[in-house]
Amino acid sequence: MLLEGRRALITGANTGIGRAIALRYAEEGADVAVNYVAHPEAAERVVKQIEKRGRRAVAVLADVTQVDQIASMVAKAVEALGGLDICVNNAGVQKEVPFLKVTEQDWDLMVNVDLRGAFFVSQACAREMVKAGHGAIINVTSVHQEVAKPRFAPYCAAKGGVGMLTKTLAMELAPHRIRVNGVAPGAIITPMNEDVIEDKAAKESVCEEIPWGRFGRASEVAGLAAWLASREADYVTGATYLIDGGLSQQVVDYKDPGQS
């Protein structure tokens, strides 16, 4: 197993990609702290699924925009699991808003969750990893840290920031033997995309832009995240891996819908 004996904290792990990573980590031998900010029943279901795989798990409530809650979350994870080897910054939000209509609240929501949260969760986890002399931090970012997405300016800006944060932390934490890498998904089947997935025409339109011709699966992202957290990736740090079916290689012909 890739992660036997490892202990991981995953933010936003009660649904979507975070849930898939949590379950894959358990299958690979890791104990997992399942962070959530809403829907505790979903987090408890993930915990039970991890325990059925023979691993330890704990659900931990915390809002990643609040530094005091982050500190408490990490402390609870360390207490429950006996330490911390892996941090996965998966918690994220996106909202479609034309640039000229973006409010301060829209900007703060996406930047605080997607970028600020990743920064301070990484910081709190790295402090524990420094004590142990090793660790792996994985940032779940987005293809839109590289590819512009009109009407999603704050989201793209935040994810672009996470991309540079990944590179910078990799350099700074290397002396402590802490690796920092990113996973940048494209169109993945998750609850966040269910409005598109349930709309046949919209789904087909997206698939036409993807060379591989389909949406990705959360389990595929989880497989990459498992490898990056493992000893097999010991010489990999500061990298962000696109997992998008080739979407980022396309030239998108954007036409303004006239709703600015």
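This is a short dialogue on reading a predicted model, feature by feature.

Reader: Where do I start with salt bridges, and how many does a search of the whole structure find?

Author: Look for a side-chain nitrogen of Lys or Arg within 4 Å of a carboxyl oxygen of Asp or Glu. A search of this whole structure finds 10 salt bridges. Take Asp 85 and Arg 7 as one of them. Their side chains meet at 2.9 Å, N to O.

Reader: Which parts of the chain does that pair tie together?

Author: Asp 85 lies in the loop between H3 and E4, and Arg 7 lies in strand E1, residues 7–10. The two parts are 78 residues apart in sequence, so the salt bridge ties together distant stretches of numbering.

Reader: Are Asp 85 and Arg 7 buried or exposed?

Author: Both Asp 85 and Arg 7 are buried.

Reader: What about Asp 106 and Lys 95?

Author: Their side chains also meet in a salt bridge, at 2.6 Å from N to O. Asp 106 is in helix H4, residues 104–132, while Lys 95 is in the loop between E4 and H4. This pair ties together parts 11 residues apart in sequence.

Reader: Why does Asp 106 count as buried, and how does Lys 95 count?

Author: Compare each value with the cut-offs. Buried means under 20% relative accessible area, exposed means over 50%, and partly exposed is in between. Asp 106 has 7%, so Asp 106 is buried. Lys 95 has 37%, so Lys 95 is partly exposed.

Reader: How do Glu 220 and Arg 214 count?

Author: Use the cut-offs again. Glu 220 is partly exposed because its relative accessibility is 27%. Arg 214 is partly exposed too, at 29%. These two residues form a salt bridge, and their closest N and O atoms are 2.7 Å apart.

Reader: Which residues are linked in a network of salt bridges?

Author: Asp 31, Arg 55 and Arg 56 are linked that way.

Reader: Now charges on the surface. Which residues form the negative surface patch?

Author: In a patch, look for like charges grouped on the surface. Here Glu 194, Asp 195, Glu 198 and Asp 199 form a negative one. Pick out Glu 198. This residue lies in the loop between helix H6 (194–197) and helix H7 (200–209). Glu 198 counts as exposed because its relative accessibility is 65%.

Reader: Next, cysteines. What is a disulfide, and how many does a search find here?

Author: A disulfide is a covalent bond between the sulfur atoms of two cysteines. A search of the whole structure finds zero disulfides. Check Cys 156 to see this. Its nearest cysteine sulfur belongs to Cys 207 and is 20 Å away. A disulfide needs two sulfur atoms within 2.5 Å, so Cys 156 is in no disulfide. Cys 207 is in no disulfide either, and its nearest cysteine sulfur is that of Cys 156.

Reader: Are Cys 156 and Cys 207 buried or exposed?

Author: Cys 156 has 15% relative accessibility, so Cys 156 counts as buried. Cys 207 is buried as well, with a relative accessible area of 16%.

Reader: How do I read separation along the chain against distance in space? Where is Gly 83, for a start?

Author: Count residues along the chain, then check the distance between C-alpha atoms. Gly 83 lies in the loop between helix H3 (67–81) and strand E4 (86–89). Gly 83 and Ala 8 are 75 residues apart along the chain, and their C-alpha atoms are separated by 8.7 Å. Gly 83 is buried, with a relative accessible area of 10%.

Reader: What separates the C-alpha atoms of Thr 168 and Val 180?

Author: A distance of 8.9 Å, with their positions 12 residues apart along the chain. Thr 168 sits in helix H5, residues 153–173. Thr 168 is partly exposed, at 37% relative accessible area.

Reader: Last, backbone angles. What is the phi of His 39?

Author: Check the sign, then the residue type. Phi of His 39 is near 55°, a positive value in a residue other than glycine. His 39 lies in the loop between strand E2 (31–36) and helix H2 (40–52). At 52% relative accessibility, this residue counts as exposed.

Reader: And where is Arg 177?

Author: Arg 177 is in the loop between H5 and strand E6 (178–185). Its phi is near 60°, a positive value in a residue other than glycine. Arg 177 is exposed, with a relative accessible area of 58%.

Key. Residues numbered from 1 in each chain as written. Predicted model: local features only at pLDDT ≥ 70, side-chain atom pairs only at ≥ 80, totals over all residues. Heavy atoms only, no water. Patch = residues over 30% accessible without salt bridge, like charges linked within 9 Å, V, L, I, M, F, W, Y side chains within 5 Å. Areas by Shrake-Rupley, 256 points an atom, 1.4 Å probe, with all protein chains shown as cover. Lys, Arg positive; Asp, Glu negative; His and termini not counted. Charge placed at Lys NZ, Arg CZ, Asp CG, Glu CD. Helix = DSSP H or I, 4+ residues; strand = E, 2+ residues; numbered from the N terminus. Buried < 20%, exposed > 50% of the residue type's maximum accessible area, 1.4 Å probe, protein only.
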